[in-house]
Amino acid sequence: MSHLHHMEPGNFTQSSEFLLLELSEEAELQPLLFGLFLSMYLITVLGNLLIILAISSDPHLHTPMYFFLSNLFMVDICFTSTTIPNMLLNIQTQSKAITYAGCLTQMHFFLLFGVLYDFILTVMAYDRYVAICHPLHYTVIMNPRLCRLLVLVSWIISFLNSLLESLMVLDLSFCSNLEIPHFFCELKQVHQLACSDTFPNDMVMYFSAGLLGGGPLAGILYSYSRIVSSIRAILSAQGKYKAFSTCASHLSVVSLFYGTVLGVYLGSSGAHSSRSSATASVMYAVVIHMLNPFIYSLRNKDIKRALEKFRGR
């Protein structure tokens, strides 16, 4: 990357780097942040990978629910890997710089895995809806071909969206202030640094957020409204508990993810809140993905049994 697009003398800089301001500029906190984020990253990768291996090694767990769960755990690893390694490198080298190409690449993959995570959660809600509301037809409806197709379509839509939004950034010109008050290259923050007109970019960003964020959320809410109706119709308390317990972990993850994302983006309208929103975004960008293996394994006897078998090999 030799220059930023549409350069004109006096208006734009020839610099090819952005500066990530990280979560704190205090020097004494850097070793603590490095240790904290390295620990969270290792727990995320190893925890999710361990459960993926345990599920794949147990033939009893080769079902649609665990197929989608394995995909969710894989996205957990990929999602955190787009931001944390670069942050750790910057802390270690005491550098805030990220190249223009590096920023664009990070933005692309963050959008890709963010939307994909959302889609996988929606597909899992549909799987629980079919299992509870149409149990006799579950194996026919949720056949392996449909499961693979749902995941493939999720990947394609996520990739095309992130590609479009990333390529549109190439048409932007940037001013001399290239400081991003975040620990990764976030699309909205990059738009705010542009000197050229960002109206088309903002419209695509908000439209895709509404369609690819609001659409899946509506699907999840509809699935759970039908699930609640079906559970209420079950006569025995044991039957109600058993039906609800299959959804409890998924519902916890959905609540955490959407709760933190909506909290960050609806509460970060002002420029003064950029640093605080960056701190809050650690929840949906890192913490949730670290907690997922624990949320799903602590309450799930099948995964516990699979992990014990896997460790006993």
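What share of the 313 residues of the protein counts as buried? The figure is 49%, where buried means under 20% relative accessible area, exposed over 50%, and partly exposed in between (1.4 Å probe, protein chains only).

## Basis of the model

This is a predicted model, in which local features need pLDDT of at least 70, side-chain atom pairs count only at pLDDT 80 or more, and totals for chains, interfaces and linings use all residues. Residues are numbered from 1 along each chain as its sequence is written, and side-chain values use heavy atoms, with hydrogens and water left out.

## Overall build

The protein has eleven helices and three strands. Both kinds of element are DSSP runs, numbered from the N terminus: helices are H or I with at least four residues, strands are E with at least two. Read from the N terminus, the order is β-α-α-α-β-α-α-α-β-α-α-α-α-α.

The radius of gyration is 21 Å, which agrees with the value near 20 Å for a compact globule of 313 residues. That radius is taken over C-alpha atoms, and the globule rule is 2.2 Å times the number of residues to the power 0.38. Along the principal axes, the C-alpha atoms fill a box of roughly 75 × 40 × 35 Å. Take the contacts between residues at least 6 apart in sequence: 78% of them join residues at least 24 apart. Contact means heavy atoms within 4.5 Å.

## Surface and charge

The accessible surface comes to about 15500 Å². Carbon and sulfur atoms account for 67% of it. Areas come from the Shrake-Rupley method with a 1.4 Å probe; for residues, only the protein chains shown count as cover.

There are 17 positive and 18 negative side chains. The centres of the two sets lie 24 Å apart. Lys and Arg count as positive and Asp and Glu as negative, while His and the chain ends are not counted. Each charge is placed at NZ of Lys, CZ of Arg, CG of Asp or CD of Glu.

## The three strands

Strand β1 covers residues 17-20, and its side chains alternate. Phe18 and Leu20 point to one face and are buried. Glu17 and Leu19 point to the other and are not buried.

β1 pairs with both other strands; pairing requires at least two DSSP bridges between two strands. Three bridges join β1 to β2 (residues 97-99), and these two run antiparallel. Two bridges join β1 to β3 (residues 179-180), and that pair runs parallel. Leucine 19 takes part on both sides: its bridge partner in β2 is alanine 97, and in β3 it stands opposite glutamate 179.

## Around threonine 83

Threonine 83 sits in the loop between α2 (64-81) and α3. It counts as buried because its relative accessibility is 0%. Leaving aside residues up to four places away in sequence, threonine 83 touches Gln106, Phe110, Phe183 and Phe184.

Phenylalanine 109 lies in helix α4 (residues 100-133). Its C-alpha atom is 9.3 Å from that of threonine 83, with their positions 26 residues apart along the chain. Phenylalanine 109 has a relative accessible area of 35%, so it is partly exposed.

## Two other sites

Glutamine 94 is in the loop between α3 (84-93) and β2. Its phi is near 55°, a positive value in a residue other than glycine. Most residues other than glycine have a negative phi. Glutamine 94 is exposed, with a relative accessible area of 75%.

Serine 225 belongs to helix α8 (residues 199-233). It counts as partly exposed because its relative accessibility is 37%. Serine 225 and tyrosine 129 are 96 residues apart in sequence, yet their C-alpha atoms are 9.2 Å apart.
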